[in-house]
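Visitor: Hi, could you walk me through this one? I'd like a quick tour before I go back to the bench.

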Amino acid sequence: MLASLAVLAGCGAQVNDAESGSDSAKGGDSHYPVTVTNCGEEKTFDKAPTRAITNDVGITDIMFSLGLEDNMAGYVTPAYQRSDKRVPWADAYEKTEWLSKGRISKEIAVDNRADLVFAGWNYGFNEADGFTPATLEKLGIDSYLLSESCRNGKGKARGVMSPLDALYTDLENLGKIFDVEDRAEKLVADFRRQVAETEAKAPKGKDRPRVFLYDDGKDKPLTSGRFAGPHDIITKAGGDHIMKDLDDSWVTVGWETVVDRDPEIIVINNYGDVSAEQKRKFLKSFGPLKNVSAVREDRIFVLDYVDLVESPRNPAAVASLGEYVRKVADAK
């Protein structure tokens with residue numbers, strides 16, 4: 001993964017304004033107004049936001065990968081989600097204010113004079129807390145929704161496009177909103193190339209190992225449908241995602257479904273108070289799973305939360321998992 005992330009160096013925060021070719025960098029303003037489509041809604045910006053607030057580490061990574069920390073008032077994320085030194089934009093976490101380790105709220109947005117909040121449904125926005133784009137609009141604050149979290153018209157089910165397409169869409173939209181389109185285009189091109197290189201080496205057809213994403217939960221597991229990040233990560237890596245028929249992003253299923261579909265690899269989402277090792281021990285000791293191939297053969301792979309939610313780390317996760325999937329396929 002370290003090698004995979006190295007390709008990003010020089011196309012994130014290190015890109016300077018002169019290289020971006022933007023109108024703002026040249027002192028002009030002909031770029032605006034710009035209109036983008038976000039979760040099916042057209043949004044127009046007359047200028048680049050200068051006090052954006054992000055919620056969640058994947059969303060914050062998106063902004064930092066575009067070199068937009070100077071356009072931010074700060075970010076909100078729990079301590080366990082903080083970035084590390086494996087990405088070229090890690091220093092941006094130190095330069096930008098960490099506004100809260102708890103939930104984002106309208107009070108945080110107002111107190112920090114936000115002009116844009118970049119969050120998502122269940123990634124900060126939710127009706128239960130009364131914190132929604134409509135709430136912000138009444139306060140005169142713009143919002144941008146994470147495309148992975150778009151509501152898909154089936155109640156509160158989320159997801160309207162494949163996960164990597166959601167990442168590319170958000171990078172391209174934010175490139176327009178902040179007048180850094182050259183940076184966004186370079187990132188997307190690099191990510192597409194990185195993913196394509198892994199796909200080219202991936203097992204095909206019946207050789208693709210069946211893969212299950214385990215997030216958390218003992219009574220019922222939380223997993224990924226086809227609109228959350230793990231679907232593309234698993235699929236592009238060469239695995240057969242056993243929950244690909246679920247038209248949702250993050251969703252709860254029954255253990256009987258997991259057993260019936262007999263995954264050959266289980267990918268653990270590593271985050272929070274329950275460690276990856278604790279999750280591994282649970283999976284290995286949970287009676288109903290004892291005959292599942294992944295458990296029986298001890299084929300359990302760990303990725304971090306930020307690798308699995310929509311973020312600029314998704315392509316590196318594809319490459320990392322792809323190497324493991326190929327080893328399993330070769331051993332079958």
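Guide: Happy to. The lining of the largest pocket is made up of ten nonpolar, eight polar and five charged residues. Keep in mind that this is a predicted model.

Visitor: Which residues lie nearest the centre of the largest pocket?

Guide: Asp56, Asn122, Tyr123, Gly124 and Tyr305 lie nearest its centre, out of 23 lining residues.

Visitor: And how much space lies in there?

Guide: The largest pocket holds about 560 Å³ of space.

Visitor: Back to aspartate 56 for a second. What is its phi?

Guide: Aspartate 56 has a phi near 90°, a positive value in a residue other than glycine. For context, most residues other than glycine have a negative phi.

Visitor: Where is aspartate 56 found along the chain?

Guide: Aspartate 56 sits in the loop that runs between strand E3 (52-55) and helix H3 (57-65).

Visitor: While we're on backbone details, which peptide bond is cis?

Guide: The one from tyrosine 32 to proline 33 is cis, its omega being near 0°. Proline 33 belongs to the loop between helix H2 (17-20) and strand E1 (34-38). Most peptide bonds are trans.

Visitor: New topic: sheets. In what order do the four strands of the open sheet come?

Guide: The order is E11-E9-E13-E14, and the pairing is parallel. Strand E11 (240-241) and strand E14 (300-304) are at the edges with a single partner strand each, so one side of each has no neighbour in the sheet.

Visitor: How many bridges join E9 to E13?

Guide: There are four bridges between strand E9 (residues 210-214) and strand E13 (residues 265-270), and these strands run parallel. To pick out one pair, valine 211 has isoleucine 265 of E13 as its bridge partner.

Visitor: What about helices against those strands: which ones does H11 lie across?

Guide: Helix H11 (residues 276-285) lies across E9, E13 and E14, and runs at about 145° to E13. H14 also packs on the sheet, where it touches E13 and E14, and its direction makes about 175° with that of E14.

Visitor: At what angle do H14 and H8 pack?

Guide: Helix H8 (residues 181-201) and helix H14 (residues 314-331) pack at about 10°, and their axes are 9 Å apart. An angle under 35 degrees counts as roughly parallel, so H8 is roughly parallel to H14. On the H8 side the contact includes Phe191, Val195 and Lys201, and on the H14 side Pro315, Gly322 and Arg326 are among the residues involved. By class, that contact has six nonpolar, three polar and two charged residues.

Visitor: And H7 with H9, how far apart are their axes?

Guide: The axes of helix H7 (residues 163-177) and helix H9 (residues 229-237) are 7 Å apart, and the packing angle is about 115°. H7 and H9 are therefore roughly perpendicular. Pro163, Leu164 and Asp165 of H7 meet Gly229, His231, Asp232 and Lys236 of H9. That contact has two nonpolar, two polar and three charged residues.

How values were computed:
Residues are numbered from 1 along each chain as its sequence is written. This is a predicted model: local features need pLDDT of at least 70, side-chain atom pairs count only at pLDDT 80 or more; totals for chains, interfaces and linings use all residues. Side-chain values use heavy atoms; hydrogens and water are left out. Axes are lines fitted to C-alpha atoms, for helices over the stretch in contact, and angles run from 0 to 180 degrees between N-to-C directions. Helices (H or I, at least four residues) and strands (E, at least two) are DSSP runs, numbered from the N terminus. Angles under 35 degrees count as roughly parallel, over 145 as roughly antiparallel, 65 to 115 as roughly perpendicular and the rest as oblique. Contact means heavy atoms within 4.5 Å. Ala, Val, Leu, Ile, Met, Phe, Trp, Tyr, Cys and Pro count as nonpolar, Asp, Glu, Lys and Arg as charged, and the others, Gly among them, as polar. On a 1 Å grid over the protein atoms alone, a cavity is a set of points where a 1.4 Å probe fits but cannot get out, and a pocket is an open set with protein on both sides within 12 Å along at least five of seven lines; lining residues have an atom within 4 Å of a point. Grid points are joined across faces, edges and corners, and a volume is the space filled by probe spheres set on the points. Two strands pair if DSSP finds at least two bridges between them.
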